[in-house]
Amino acid sequence: MDLYPLYNSLRIAAISAMIVFFAGIACAYYIAKLPRVLKGILDVLLTLPLVLPPTVVGYLLLLVLGPKRPIGSFFLENFDIRLTMRWWSAIFAVSVVVFPLMYRTARGAFERFDENLADAGRTLGLRNSYIFWRIRIPYCKQGIIAGAVLSFARALGEYGATSMIAGYTPGKTATISTAVYQLWRTGNDELALKWVLINIAISAVVLLCVNLLERPQRRKG
């Protein structure tokens, strides 16, 4: 049994989860400070990939990153780097698809933060950076970590956008999701079922971790 799809899925999910972790926190924090109308518009745009079909997200990415498209052709002509049909091409797709999940989770955690704590810190002369990293983040850490774990789980199972921008090449771009589809399409149901069970097992462990993170928060409530 070739374990490359598992290895590739894990590294794509890990890198994508790390990207959206920092991007989601930054966007959630700074957008919350914007005027209501502008905040509403950006919130819709950033959350849109959550409700769009993944294949639509993949198609839109191809319009930008394809070898004959603006960004794709620039990298291909100037750096000889093709942005599609590589294993790391899936990182673009997965990051866009799972970003709204991390963004909205982080935003919810920040909205539950007691701003009186930040105001008290400012009266004591604490800098905003200190308040953010030493007061706000620790206070919201359970929600933020839960969002990061859920983002990783969603990234691990992403198929639609990944298949369009990275394709399926055994030993090069294959992931668990694309391998399951290809194995089913070629009639190899036994191996496809094995990958399905592996995916279910990993997802179950991830969800268990989320439940364990939420339990202390419920007790506190």
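**Entry 1: the overall fold**

Which pattern does the chain follow, read along the sequence? I read off α-α-α-α-α-α-α-α-α-α. That fits the tally of ten helices and zero strands. Helices here are DSSP runs of H or I with at least four residues, strands are runs of E with at least two, and numbering starts from the N terminus.

Before going on, I noted that this is a predicted model, where local features need pLDDT of at least 70, side-chain atom pairs count only at pLDDT 80 or more, and totals for chains, interfaces and linings use all residues. Residues are numbered from 1 along each chain as its sequence is written, and side-chain values use heavy atoms, with hydrogens and water left out.

Next I looked up the dimensions: the C-alpha trace spans about 65 × 45 × 30 Å along its principal axes. The chain exposes about 12600 Å², and carbon and sulfur atoms supply 65% of that. These areas come from the Shrake-Rupley method with a 1.4 Å probe, and for residues only the protein chains shown count as cover.

I then checked burial. Of the 221 residues in the chain, 38% are buried. Buried means under 20% relative accessible area, exposed means over 50%, and partly exposed is in between (1.4 Å probe, protein chains only).

I also looked at contacts, meaning heavy atoms within 4.5 Å. Among those between residues at least 6 apart in sequence, 70% join residues at least 24 apart.

**Entry 2: the core**

Which residues touch the most other members of the largest nonpolar core? I found I25, M102, F110 and I144, in a core of 42 residues. Helices α1 (4–31), α3 (54–65), α5 (89–111), α7 (128–156), α8 (160–165) and α10 each supply at least two residues of this core. The largest share, twelve residues, comes from α5. For the record, a nonpolar core is a set of buried Ala, Val, Leu, Ile, Met, Phe, Trp, Tyr and Cys residues joined through side-chain atoms within 4.5 Å.

I picked I25 and listed its partners. Leaving aside neighbours within four places in sequence, I25 is in contact with V20, M102, A106, F110, F132, I137 and I144. My textbook-style reminder: in soluble globular proteins, nonpolar side chains tend to be buried together.

**Entry 3: salt bridges**

How many salt bridges does the count come to? I got five, using the rule that a side-chain nitrogen of Lys or Arg sits within 4 Å of a carboxyl oxygen of Asp or Glu.

I started with R107 and D43, whose closest N and O atoms are 2.6 Å apart. This pair links distant parts of the chain, with R107 in helix α5 and D43 in helix α2 (residues 36–51), 64 residues apart. D43 counts as buried, at 14% relative accessibility.

R107 also forms a salt bridge with E111, with 3.5 Å between the closest N and O atoms. Both R107 and E111 lie in helix α5, four residues apart, about one turn of the helix. E111 counts as exposed, at 56% relative accessibility.

Then I looked at R136 and E115, whose side chains meet in a salt bridge at 3.0 Å, N to O. R136 lies in helix α7 and E115 in helix α6, so the pair ties together parts that are 21 residues apart in sequence. R136 is buried at 5% relative accessibility, while E115 is partly exposed at 36%.

Last thing here: salt bridges that share partners join D43, R104, R107 and E111 into one network.

**Entry 4: cysteines**

Why is C27 not bonded to C140? The two sulfurs are 16 Å apart, which is too far for a bond, and C140 holds the closest cysteine sulfur to that of C27. A disulfide needs a pair of cysteine sulfur atoms within 2.5 Å, and the count comes to zero disulfides. I noted that C27 is partly exposed, with a relative accessible area of 25%, whereas C140 is buried at 2%.

**Entry 5: a surface patch**

Finally I looked at the outside. L193, V196, L197 and I200 form a nonpolar patch on the surface, with about 350 Å² of accessible area together. Patches are made of residues with over 30% relative accessible area and no salt bridge; like charges are joined within 9 Å, and nonpolar side chains (Val, Leu, Ile, Met, Phe, Trp, Tyr) within 5 Å. L193 lies in helix α10 (residues 189–220) and is partly exposed, with a relative accessible area of 48%.
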